[in-house]
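Work through these exercises with the sequence and the 3D view side by side. Try each task before you read its solution.

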Number of protein chains: 2
Amino acid sequence: MGEFKHLVIVKFKEDVDVEGILKGLENLVSEVDAVKSFEWGQDVESLDVLRQGFTHAFLMTFNKKEDFTAFQSHPKHLEFSATFSAALDKIVLLDFPALLVKAPA
Amino acid sequence: MGEFKHLVIVKFKEDVDVEGILKGLENLVSEVDAVKSFEWGQDVESLDVLRQGFTHAFLMTFNKKEDFTAFQSHPKHLEFSATFSAALDKIVLLDFPALLVKAPA
């Protein structure tokens, strides 16, 4: 019923071309129709003890879990994942059905 | 300009009343007008090596960073944070201006 979310938080290795990775992500989500929406951000605010070295959050939204499954096995995703993984120092990844508790007014 | 996001991923301690915590969060976001929207989820899908023990993601959205700042110092938030922190085994927290790369169709 509800949307399905693919959440990735990372710390990039030093000397990685972060702009290039972001461009690659942008291309990926534009090429794969199953991705409903994509937003990301770079932490600007939280305390080091809470951020724990992680710097970027990437959040993809799918209309349903099946769309996420299709995305996961999509050749463009597999191709990009190899590049993405090689650029990372740390990653945590969570995939979950999203429960909207408070909706935008 | 863009929205501001407050992202929290956690692993709860064993024997914690997770339902009670979720109820507390629900109350919190309903009581604090600065919170534009709130959604959360429990991981159902990712590999242990990628999930790294984290189980839940909580994502609050604010119209602007100032609203997030107001939320942070809100008495209801400070009160709930103490309860929330006590229930956690692990936490990573990222606060960031959200960049929407692909908008919902």
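The exercises below go from the contact between two chains to single residues.

The model is predicted, so local features need pLDDT of at least 70 and side-chain atom pairs count only at pLDDT 80 or more, while totals for chains, interfaces and linings use all residues. Residues are numbered from 1 along each chain as its sequence is written, chains are lettered from A and ligands numbered from 1 in the order in which they are written, and side-chain values use heavy atoms, with hydrogens and water left out.

**Exercise 1. Describe the contact between chain A and chain B.**

Step 1. Count the residues. Contact means heavy atoms within 4.5 Å. Chain A gives 47 residues and chain B gives 47 residues.

Step 2. Take the area. Buried area is the accessible area (1.4 Å probe) that two parts lose on being put together, summed over both. Here the two chains bury about 3700 Å² between them. Of this, 65% is on carbon and sulfur atoms.

Step 3. Count the polar links. A polar contact is a pair of N or O atoms within 3.5 Å; within protein, one must be able to donate a hydrogen and the other to accept it, and residues adjacent in sequence count only if both atoms are side-chain atoms. Between chain A and chain B, 26 residue pairs are in polar contact, both residues at pLDDT 80 or more.

Step 4. Find the elements. Helices (H or I, at least four residues) and strands (E, at least two) are DSSP runs, numbered from the N terminus. On the side of chain A that touches chain B, S4(A) gives the most, with seven residues.

Step 5. Sort that side by class. It has 27 nonpolar, eight polar and twelve charged residues. Ala, Val, Leu, Ile, Met, Phe, Trp, Tyr, Cys and Pro count as nonpolar, Asp, Glu, Lys and Arg as charged, and the others, Gly among them, as polar.

**Exercise 2. Trace the salt bridges around A:Lys36 and A:Lys5.**

Step 1. Fix the term. A salt bridge is a side-chain nitrogen of Lys or Arg within 4 Å of a carboxyl oxygen of Asp or Glu. The whole structure has 18 of them over all chains, and four run between chain A and chain B.

Step 2. Start at A:Lys36. Its salt bridge to A:Glu3 has the closest N and O atoms 2.7 Å apart. A:Lys36 lies in the loop between H1 and S2 of chain A and A:Glu3 in the segment before S1 of chain A, so the pair ties together parts that are 33 residues apart in sequence.

Step 3. Check exposure. Buried means under 20% relative accessible area, exposed over 50%, partly exposed in between (1.4 Å probe, protein chains only). A:Lys36 is at 23%, so it is partly exposed. A:Glu3 is at 26%, so it is partly exposed too.

Step 4. Cross to chain B. A:Lys5 forms a salt bridge with B:Glu39, with the closest N and O atoms 3.4 Å apart. The pair runs from strand S1 of chain A to strand S2 (residues 37-42) of chain B. Both A:Lys5 and B:Glu39 are buried.

Step 5. Join the pieces. Through shared partners, salt bridges link A:Glu3, A:Lys5, A:Lys36 and B:Glu39 into one network.

**Exercise 3. Which residues of helix H3 of chain A are buried, and why do they line one face?**

Step 1. Look at residues 65-72 of chain A. The buried ones are A:Asp67, A:Phe68 and A:Phe71.

Step 2. Look down the axis of H3(A). Its buried residues fall within an arc of 100 degrees, so they line one face of the helix. The arc is that of the directions from the helix axis to the C-beta atoms.

Step 3. See what covers them. The cover includes strand S1 (4-12), helix H1 (18-31), strand S3 (56-62), helix H4 (75-86) and strand S4 (88-97) of chain A.

**Exercise 4. Place B:Asp43 and follow its partner B:Arg51.**

Step 1. Locate B:Asp43. It sits in the loop between S2 and H2 of chain B. At 8% relative accessibility, B:Asp43 is buried.

Step 2. List its contacts, leaving aside neighbours within four places in sequence. Among them are A:Leu93, A:Leu94 and B:Thr55.

Step 3. Turn to B:Arg51. Its side chain makes a polar contact with that of B:Asp43 (2.7 Å). B:Arg51 also meets B:Asp48 in a salt bridge (2.9 Å, N to O).

Step 4. Place this last pair. B:Arg51 and B:Asp48 both lie in helix H2 (residues 48-51) of chain B, three residues apart, about one turn of the helix. B:Asp48 is exposed, at 58% relative accessibility.
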